[in-house]
Amino acid sequence: MPATRRLGDIAAEAGAGFGTSGVRGPVASLTPGLCRAYAEAFLAMPASPPRGLLIGHDLRPSSPGIAAACHDAARRLGIGAINAGVLPTPALAFAAAKLGVPAIMVTGSHIPFNRNGLKFYRAEGEISKQDEGLILAAEAPWPLDDSSPAALPPADPAPLALYAARYRSAFAPDALSGLRIGVYEHSSAARDLLHELFRALGAETLPLARSDGFVAIDTEAVREEDRALALAWAAACPLDAIITTDGDADRPLIADGTGQWLRGDTLGLLSARELQAGTVVTPVNSTTAIESCGLFAEVRRTRIGSPHVIAGMQGARHQPVVGFEANGGFLLGSPASLAGGVLDPLPTRDAVLPLLLALSAARRLQAPLSQLLTGLPARFSFSGRLQDVDPAACRVLLAAADASVAGMERLFGGMPAATDRSDGLRATLASGDILHVRLSGNAPELRCYAEAATAAAAERLCSSCLSRLASLLSGSPS
């Protein structure tokens with residue numbers, strides 16, 4: 001009888017297990033054999049084989065090869081697979097739901113190009129943390145077959161067309177009429193779609209900084225060069241907004257006419273208000289303005305990651321139900337009415353919907369994007385990260401900080417008035433400011449989130465905390 005090993009053990013040795021949302025790991029670890037094993041374990045979860053499979057990917061150089069390995073796994077199981085080509089992750093998820101088949105998206109989202117990953121979708125939506133456990137518990141043939149897969153067949157444009165039609169049918173044809181929007185293209189999987197869709201809704205769009213190489217855009221920790229680019233573009237020509245997404249277009253980023261990027265949780269709050277949401281589900285690191293604004297009948301807080309937000313949306317009594325993360329990814333948990341029609345639920349992170357909601361609101365009110373923030377509580381967030389850290393050393397650091405008063409004071413620059421340990425260490429300081437330190441589940445990064453009464457104070461708070469963390473990790477006096 002052929003030898004087998006538990007897939008979770010193989011993945012752990014390779015350093016390519018499940019992170020916050022989906023499988024993540026170095027490209028070198030995501031071999032054809034491991035990717036086949038993941039795809040086969042996912043496809044074996046239903047009681048009977050699915051009648052088909054959708055496969056899509058982002059623009060990372062490693063993504064087509066990984067997608068080909070997943071396609072090969074489906075072929076070996078006798079399951080017909082459709083190559084959806086390059087498209088946003090939410091577009092693939094939406095098409096899977098409409099066609100009633102599962103899907104696999106090859107993407108590392110916002111992490112550097114030398115890492116990649118896999119996201120799995122049932123026809124009903126994104127897999128749960130329980131599903132992840134079932135996949136890892138599967139037995140895989142050992143040793144893995146690392147033979148090169150056949151090249152992908154030509155891409156089918158239908159899945160992307162379904163996604164575009166979703167928005168064209170729900171928004172009025174003139175929803176963005178008169179707006180001049182810069183599209184920061186870089187290597188986003190949505191870069192062409194954004195032009196086509198926003199122009200179809202009446203906007204004028206200008207292409208900005210298209211890239212042949214992969215650019216890792218993190219909408220939670222905006223790079224200094226991207227802050228400078230937006231300011232320069234806004235100064236060079238009149239724009240109502242600048243829009244972009246991360247690599248797989250499930251996290252949005254939008255700047256106002258002056259080139260100031262909005263925080264993702266602020267964009268989520270504006271979008272939830274525009275939809276007149278009854279229930280908002282969001283992780284612990286999103287702004288506390290969500291509760292203090294008083295706009296929503298219920299606010300549910302979760303751990304960080306879309307699977308936790310999706311679980312939190314279940315059973316909500318107040319409609320519509322929406323979720324969003326501090327990275328701006330927006331999830332629609334129930335039908336929502338708009339000027340052009342009704343949007344069907346899409347309970348996975350989406351970048352296009354919050355961009356459209358914010359800009360259509362600005363156009364309807366004949367007001368600058370920044371004016372949409374008027375009347376919201378004055379709470380400002382800022383986040384940053386230490387990259388290429390040793391995760392084990394970070395765990396030791398956080399555990400030591402949590403073990404004593406002195407450790408907490410070293411970590412946060414003073415003793416917290418209150419702490420939240422639901423996901424990392426989150427401290428409310430005596431001033432009312434908030435610091436949150438957490439080890440990333442997707443890459444070797446230690447993340448810091450800060451919230452304060454002004455944007456400048458939040459940035460200073462985050463920067464000082466990151467400096468302390470770097471000193472503590474290096475063993476230097478803080």
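Helices (H or I, at least four residues) and strands (E, at least two) are DSSP runs here, numbered from the N terminus. Keep in mind that this is a predicted model: local features need pLDDT of at least 70, side-chain atom pairs count only at pLDDT 80 or more, and totals for chains, interfaces and linings use all residues. Residues are numbered from 1 along each chain as its sequence is written, and side-chain values use heavy atoms, with hydrogens and water left out. The tour below takes in pockets, cavities, one open sheet of 5 strands and a few of the 35 salt bridges found in the whole structure.

**Pockets**

- A pocket is worked out on a 1 Å grid over the protein atoms alone, as an open set of points with protein on both sides within 12 Å along at least five of seven lines; lining residues have an atom within 4 Å of a point.
- Grid points are joined across faces, edges and corners, and a volume is the space filled by probe spheres set on the points.
- The largest pocket comes out at about 720 Å³. Its lining runs to 32 residues, and Trp 261, Leu 262, Arg 263, Ser 381 and Ala 455 are the closest to the centre.
- Four elements put at least two residues each into the lining of the largest pocket: α8 (224-236), α9 (264-274), β20 (380-387) and α15 (455-474).
- Sorted by class, that lining holds 16 nonpolar, 9 polar and 7 charged residues. Here Ala, Val, Leu, Ile, Met, Phe, Trp, Tyr, Cys and Pro count as nonpolar, Asp, Glu, Lys and Arg as charged, and the others, Gly among them, as polar.
- The second largest pocket holds about 310 Å³ of space. Of its 18 lining residues, Arg 303, Asp 423, Gly 424, Arg 438 and Leu 439 sit nearest the centre.
- Two or more lining residues of the second largest pocket come from each of α13 (391-402) and β23 (434-439), and α13 gives the most, with 4 residues.
- The class split for the second largest pocket is 5 nonpolar, 6 polar and 7 charged.

**Cavities**

- A cavity is a set of grid points where a 1.4 Å probe fits but cannot get out. The count is 3 cavities of 30 Å³ or more.
- The largest cavity has about 130 Å³ of space. It is lined by 19 residues, with Thr 20, Glu 220, Arg 251, Ile 304 and Asn 442 nearest its centre.
- By class, the largest cavity is lined by 4 nonpolar, 9 polar and 6 charged residues.
- The second largest cavity takes up about 50 Å³. Among the residues lining it are Arg 263, Ser 381, Tyr 449 and Glu 451.
- Both β20 and β24 (445-452) supply at least two residues to the lining of the second largest cavity, and the largest share, 3 residues, comes from β24.
- Arg 263 and Ser 381 turn up twice: they line the second largest cavity, and they are also listed among the residues closest to the centre of the largest pocket.

**The open sheet**

- The strand order is β14-β13-β15-β16-β19, with mixed pairing; two strands pair if DSSP finds at least two bridges between them.
- The edges are β14 (298-302) and β19 (346-350), each pairing on one side only.
- Neighbouring strands of this sheet are turned by 20 degrees against each other on average, direction ignored.
- β16 (residues 330-332) pairs with β19 in the antiparallel sense over 2 bridges, and Phe 330 stands opposite Asp 350 in β19.

**Salt bridges**

- A salt bridge means a side-chain nitrogen of Lys or Arg within 4 Å of a carboxyl oxygen of Asp or Glu.
- Arg 227 bridges to Glu 224, with the closest N and O atoms 3.4 Å apart. The two are 3 residues apart in helix α8, so about one helical turn separates them.
- Arg 301 bridges to Glu 291 at 2.7 Å between the closest N and O atoms. Arg 301 lies in strand β14 and Glu 291 in helix α10 (residues 289-292), so the pair ties together parts that are 10 residues apart in sequence.
- Glu 325 and Arg 349 make a salt bridge with their closest N and O atoms 2.9 Å apart. Glu 325 is in the loop between β15 (321-324) and β16, while Arg 349 is in strand β19, 24 residues apart.
- Both Glu 325 and Arg 349 are buried (under 20% relative accessible area; exposed is over 50%, partly exposed in between, with a 1.4 Å probe and protein chains only).
- A network of salt bridges links Arg 36, Asp 72, Arg 75, Arg 76 and Asp 145.

Notes
Axes are lines fitted to C-alpha atoms, for helices over the stretch in contact, and angles run from 0 to 180 degrees between N-to-C directions.
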